[in-house]
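Q: Before the labels attached to this model are accepted, could each one be set against the criterion behind it?

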Amino acid sequence: MEFELLDVIVFVAYALLIIGVGLWVSRGKGDTSEDYFLASKSLPWWAIGASLIAANISAEQFIGMSGSGFALGLAIASYEWMAAITLIVVGKFFLPIFIEKKLYTIPEFIEVRYSKNLKTILAIFWICLFIFVNLTSVLYLGATALDTIIGSGDGAIFMECIIGLALFAAAYSLYGGLSAVAWTDVVQVVLLVIGGLITTYIALEHVSSDGNIFTGMAEVYEQVPEKFSMILDKGEIITPNGKDAWWDLPGIAVLVGGLWVANLYYWGFNQYIIQRTLAAKSLKESQRGIVLAGFLKILIPLITVIPGIIAFVMNSDASGMINEGVTSASFFGENGRIINDNAAPWLIKEFVPAGLKGLVLAALAAAIVSSLASMLNSTATIFTMDIYKPFFQEKAGTSEKGLVNVGRVTASIALVIAIILAPQLKSLGQVFQYIQEYTGVVSPGILAVFMLGLFWRKTTNNAAIWGVLVSIPIALYFKVGPNGWSDSPFFITWPFMHQMMATWILTMLIMIIISYLETGGKIQEKSITLSRNLFKTGPIFNIGSFVIILIVAMLYAMFW
């Protein structure tokens, strides 16, 4: 089924709606840095919750997680369901401190707790991470998906898709800042959920023997019950490329191991995620938004992982599918099977009818563009507030309006760099897993610095600096064995989740030792004073959190 005129009309209408909403809500929001970077601290809970999910769900999840669903099965949903629990932890224990300190950025906390020098180092690191990893990978994956769905999948319109997505995100986010990003995210998250559910519904209809989606789901489970195992054993699932899925999701570690390192780092200390919670009307409003995001995270695997599993079942006999008219050769590898990360684009292009295809494509674009806009805004925020303002504003005599313009220029430069670099990325197989693994080189050390900075008052600034520095060689040590860089028995061969947990624990131990050697266990002057009242939460947050934990526990019990 090709992309037809009706699909074009639907997609263009969506694009105009998003740009229109973004520009409309941005009126008068560019006069001060608080207006532009924190949406005047006026966001309600439902906008925060929707914006958290829209910023999180990008091509990395929509395409990459479907590819991992194809290869690994439902087990990859642990990233989503455990994230729902992680959000509760963030809302309960992290947000009260961040909002009490009136932060603009996550690096700003480093200055409040440790020092300006360490803040500057980490600010530069995060800017580089956003530009060279996040922005480029989202542009690359998004453009690849659009090229596959709209074009022939041979890269003929790949560059046009990159530029189109970049300009789309820039059209409203550069002008309107966080207000434009957050309020358009409300529309975007509705579209991506509806579009994702349409894809799942149609895929289940096609895989079913009688056209009933419930029958289809039952038949998918009957054909590949191993794909619905949440806690994997060694050898339980061998991916299409011959890899044991246990190495990506090593059993119980998804509940009590390294997945917590990845999730706490991402949801608690990631600027482009946490920024909208800092822009809330109040702490309670922010926490309610966190609860909404938690409920949405439980739903996400239905629109990201399940389609990948369905594609696996439908592609179990590739020649049979081709004989039925599924002939888009660009989706298939040399062995005649769908390439992992082509699972979702294949379903959309081959089975979603005209008109609905435009809506589903709009949902995919919403996922991509909302993440791009969030990353651009956060890159601009960190550079402006953590680098330009403390070092250059006074010398240049820059006004509040000037700070906003610095942010816009920064975002524009970051986008241009990402456009140039994105085409250089090659096929990474399971992109979602690749990004998780190599973000895991830096995330454990940064998480150690934040966790001890928040909850251990004796942590010194020098210990934090050493923690950031030593965590990287520790993480790289754990990479040697699994990657086959050396045959020496000195190097351990562990799954990357075990690597992250070990790196995190070792980094914290080193920081504790350095702190005691330096001060003999003295409480630091800049440490955070905690009280029981600080962590008190309202009944809505408490009830919502309990329900989320109960649902996640039931899901794991069902699919253990």
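A: The model is a predicted one, and the first criterion to fix is burial: a residue is called buried when its relative accessible area is under 20%, and exposed when that area is over 50%.

Q: What makes helix H3 largely enclosed by the rest of the structure?
A: Of the 12 residues of H3, 10 are buried, so the helix is largely enclosed by the rest of the structure. Among these buried residues are Ala 47, Ile 48, Gly 49, Leu 52 and Asn 56.

Q: How do you know that the span of helix H3 (residues 45-56) agrees with its number of residues?
A: The expected span is 1.5 Å times one less than the number of residues, and for the 12 residues of H3 this gives 16 Å; because the end C-alpha atoms are 17 Å apart, the two values agree.

Q: Why is Lys 102 called exposed?
A: Exposed requires a relative accessible area over 50%, and Lys 102 has 60%, so the term applies. Lys 102 sits in the loop between helix H6 (78-100) and helix H7 (106-113), and has a positive phi of about 55° although it is not a glycine.

Q: Which residues have the most contacts inside the largest nonpolar core?
A: They are Phe 98 and Trp 126, in a core of 184 residues, to which helix H9 (residues 158-207) gives the most, with 24 residues. Leaving aside residues up to four places away in sequence, Trp 126 touches Ile 106, Pro 107, Tyr 265, Phe 269, Ile 382, Ile 446 and Phe 450.

Methods
Residues numbered from 1 in each chain as written. Predicted model: local features only at pLDDT ≥ 70, side-chain atom pairs only at ≥ 80, totals over all residues. Heavy atoms only, no water. Helix = DSSP H or I, 4+ residues; strand = E, 2+ residues; numbered from the N terminus. Buried < 20%, exposed > 50% of the residue type's maximum accessible area, 1.4 Å probe, protein only. Core = buried A, V, L, I, M, F, W, Y, C linked by side-chain atoms within 4.5 Å. Contact = heavy atoms within 4.5 Å.
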